Structures are given as structure tokens and as C-alpha cells.
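User: I have a model open here and would like to go through its architecture and backbone geometry. Could you take me through it?

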Amino acid sequence: MSELKFSKDHEWVRVDGDVATVGITDYAQTQLGDVVYVELPAVGKQVEQDKEAAIVESVKAASEVYAPLSGEVIAINNELADAPGIVNEAPTEDGWFFKLRIKDAKQLDSLMDEAAYTAYVEGLA
Amino acid sequence: MSADDPLHFTPLDGLHRALGAKLVPFAGYDMPVQYPTGILAEHHWTRSHAGLFDVSHMGQIRLDGAGAAAALERLVPADIVGLKPQRQRYTLFTDAQGGILDDLMVTNAGDHLFLVVNAACKTADLAHLQAHLAQDCRVTTLPERALLALQGPKAAASLAPHAPEAAALGFMSGAALRVAGLPCFVTRSGYTGEDGFEISVAADAAERLARTLLADARVKPIGLGARDSLRLEAGLCLYGHDIDTTTTVIEADLAWTIQKRRRETGGFPGAAIILKQLAKGAPRKRVGLKPDGKAPAREHTRITTQDGATIGEITSGGFGPTVGGPVAMGYVATSHATPGSAVQLVVRGQPRPAVVAKLPFTPHRYHRP
């Protein structure tokens, strides 16, 4: 399993060849609280780095999820429709949002590794 | 209330922090929005057991004097003169246009009237009362008192060992009682749709009382997040959202708060408009809305007909944990206010089907002996 990369908007990416799995971080799910609804992009949709790609709703509010990389959505996590709480329970595993085919691997350089992201989150406190 | 005003803290602030609450500014107070278990668990616990809420930010006011009930009727459309000792009523401060300045609870405490008003309105409410009632009664604010709400099907059983007399109170009644030996004013009321109590206690005794109640395994602390989802499922209005000066009492579907004598005699602000709408109908009405599917529709979501014509707006909306799906309240043109009417909610630019629903979404389970 490859290591995770992180965006400043609190998405994570796990790269396998030219496919990236995307979700929200443990910090993000803690900040949101109980997730009650996730709206995912359609398979086949082209998403752009740092542009809105999904919606995650807690009891209190709706939040945008941004695409950490550009590419075509090739799979979505249908489990979240009936059990959005998976995002709280396992944000970086079963709680993934969608997979995309990476358009430009150079964009990976703009993401943080785990140590940098941990430091970034600590700086937000 | 401006952003520059200093944040206030309730007498239970230290307890909230000790319990690991997430605190957020609300109506000028640092308030617990949730505890570590989270809003969903807190909501379900309140519906199945008992939840303890700190509502000390709300305003407590007493009116003293023989003329207090008649004087208060000049500001509210409820029958206060006819309110028997120990009985409580939900009512509204109305304005000259029939709009709503605040909603409040009034209890006949025997030798005085006891009022509970919203935190965000309490300064204005106090000024309003003093301006209009001071010549007939004494208006006293009670900032040195905390207010706890104990809500849920186990509320009565968990309160009984500490206040055996509380069992005799029916829904919407109240009395001065000792709870765990502390002098309190207890009403059988609340804002969750469940049986329960609101307990007014001296601020310096509040933490002791809260800890005593929380020592019962059936009672857990509940934050404002679950308070909001509980009251929304119960179809209860949140001031500043579902009701305000732009919504009349009749539009808000709160005609039931105007008792018979007041309908006949009026004499409250906005009576001409309110009683005319009561007789002839209002152009719009507050209704429940049940979105199809699972996407919540939030406050300010536009409501349209199936043809896309705008007929109103959501005023409270979110996820109903007990319902297990999205629920909302809002105002629609009266022509579309019948339960079962098909409408659309425009969420993130997309019209999504919804249906006008009867309120409450979750049946009330009040104690009516």
C-alpha cells in the first residue's frame, strides 16, 4: 500500500499506478462531526485540481470536497450512500470517496506527505 | 450583539470543559455544541434515555405585582390572566405588524410570573417589558440563575430520587421544588418533543446539580447540535430562523397560542392583522418539508412548484437522526401548504423533489396525566 499524500483542504490521495483514490482526512472528519450524507461525482466526470468534486454533510452543515488532483472519475464509493458514517469510522480506508485517473502526475508534487500534513494541521490549532 | 462584545460563559462552563465539550459562540455565549460522543449519539440518547442540556444562556425574568398578568397581555396574544397557578404557556411577543419579537414560556408561579426568553433577544425583551409594564408590575431579570433542561423518556425516573414532587407535574406546569436539596423552580417542559423538565437553579449551585443528575447512568450531557435536530424533528420553531419580525403569528402556524378570549378581545400588538389573518387566512404558511432521497436541504434553500415557480424558502433544515433522513421546515404559499403537496427544493442549483409533511416529524411524547 502506497503512502498517503495530503492537500491543504484536508483531502488525502493514495496513488496506485495512474489511479488515485481520494478521501477526506481524519482531521477533516473530526472537524465535521457525524457525517450524514455524501454527494459524489458521476463516474466519467472530469474533475480539476482544487475545484469542487463532492459534498460532505454533517448534522450541522454541508462542506465542499475539492479534487486534490485533476483527472477522470473512474469509480465512486457507493457504500457511503447507505452508510455515510464510514467516513467518520475509517476516513482513510473504507471511507474513501472516489478514484480518478491521474491526468498530470506532476500535480502530486503540490501535495504534502504525512509529516508535512501533520505539521500543517498542528499549525491550524 | 456585535462580534466585538466579550463572550459570556454559563455557570456550567467548567463542567463542559471537563466533559470534553466542543464549545462554540452562540448568542454571545461560549456554548457546548457537542460532547465527545457526537451529535447523532446525543440525539438518539435523548430520545431513548435522558439528556441534560445547559440552557443557562436563556433569559429568566420575573414579573411581580397583582397587575402583572393583565399587563403582560398587552404584549402577548396568550391568555395570561386565565393561567392558573402552576400552569405554563408558550407565547410570543408580537409587534404592531403582527410579526414576532421573540417566543417565550410564561409560568404562573403563584406570587409572580416566571418568564424564559431566548438568549439572543433577552436584552431587547427586558427593555420591552420595562418600557410597557413597569407602571403595573416589577420586572426583574435573574442573571444569577442557571437553567438546566432534562429531556427524554427517562427524565422523570432519573429526577424522581432527587425531587419526588416533580412526578406530580404534568406537561406545561411548574412549581418551586427542592432538587437534590437545592431550591429550584421546575417546569415540566422543554424543546425536544420528549417528556422532560427545565430546572432553574442558583448559578453557584448549578454545577453541583448537574453533576448530581449526570451521576445517573441514564443521563448524559447533550449539546446544542442535538438540541437543534431534536427540536426540528419535533416541529418546534427556532427564533431568528423559523420565526422573526417578518413572520406573522398566523403565517408561522402558531394560532394555537392565541386562546379564545384573546381572539375575541384582541388587545395585543398587531392584533388587527393577526386576527384578520386568523379569520381569512394568511398568504403563506410554515410547513414541514420532507425531501425525497437523502440530501439535506438547509436554511435559505429555495422552494418551488414542480414547474419551477418560487413559492418559499426553508427556514430550518438538516438531517433528522430519529427520522433517519433529511427534514426541514419552511414557508410556502398557502396554495401549496397542504400536507402531501409535491414541491421542489433547489439544493446547489439542482431542483430536487420534496413533499409538504405534517409536523411534527417525530411524535411528541409529553407527559399529560
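Analyst: The answers below cover the domains, the nonpolar core and some backbone features of this predicted model.

User: Into which domains is chain B divided?

Analyst: Chain B is divided into domain 1 (8-55 + 144-233) and domain 2 (283-357). The C-alpha centres of these two domains of chain B lie 31 Å apart.

User: And how many residues of each domain are in contact?

Analyst: Seven residues of domain 1 of chain B are in contact with nine residues of domain 2 of chain B.

User: Which helices supply the domain 1 side?

Analyst: Helix 2 (39-48) and helix 7 (224-233) of chain B each supply at least two residues of the side of domain 1 that touches domain 2. Helix 2 of chain B gives the most to that side, with four residues.

User: How do the residues of that side divide into nonpolar, polar and charged?

Analyst: On the side of domain 1 of chain B that touches domain 2, two residues are nonpolar, three are polar and two are charged.

User: Turning to the largest nonpolar core, which residues touch the most other members?

Analyst: The core has 136 residues, and those touching the most other members are Val38(A), Leu72(B), Leu115(B), Leu148(B), Leu150(B), Val186(B) and Leu289(B). Domain 1 and domain 2 of chain B each contribute at least three residues to this core.

User: What is Leu150(B) in contact with, leaving aside its neighbours within four places in sequence?

Analyst: Among the contacts of Leu150(B) outside that window are Ala50(B), Leu52(B), Phe197(B), Ile199(B) and Val219(B). Others include Ala155(B), Leu159(B), Gly196(B) and Leu213(B).

User: Now the backbone. Where is the cis peptide bond?

Analyst: A cis peptide bond joins Leu359(B) and Pro360(B), with omega about -5°. Pro360(B) is found in the segment after strand 20 (350-357) of chain B.

User: Which residue of chain A, other than glycine, has a positive phi?

Analyst: Asp50(A) has a positive phi, near 70°. Asp50(A) sits in the loop between strand 5 (46-47) and strand 6 (52-58) of chain A. In general, most residues other than glycine have a negative phi.

User: What about phi of His300(B), and where is its place?

Analyst: Phi of His300(B) is also positive, near 80°. The residue lies in the loop between strand 15 (284-291) and strand 16 (302-304) of chain B.

User: Why is His300(B) classed as exposed, and Asp50(A) as partly exposed?

Analyst: His300(B) is exposed because 11 other C-beta atoms lie within 10 Å, and the cut-off for exposed is 12 or fewer. Asp50(A) is partly exposed because it has 17 such atoms within 10 Å, which falls between that cut-off and the 20 or more needed for buried.

How values were computed:
Residues numbered from 1 in each chain as written. Chains lettered and ligands numbered in written order. Predicted model: local features only at pLDDT ≥ 70, side-chain atom pairs only at ≥ 80, totals over all residues. Core = buried A, V, L, I, M, F, W, Y, C linked by C-beta atoms within 7 Å. Domains from an automatic or database assignment. Contact = placed C-beta atoms within 7 Å. Nonpolar A, V, L, I, M, F, W, Y, C, P; charged D, E, K, R; others polar.
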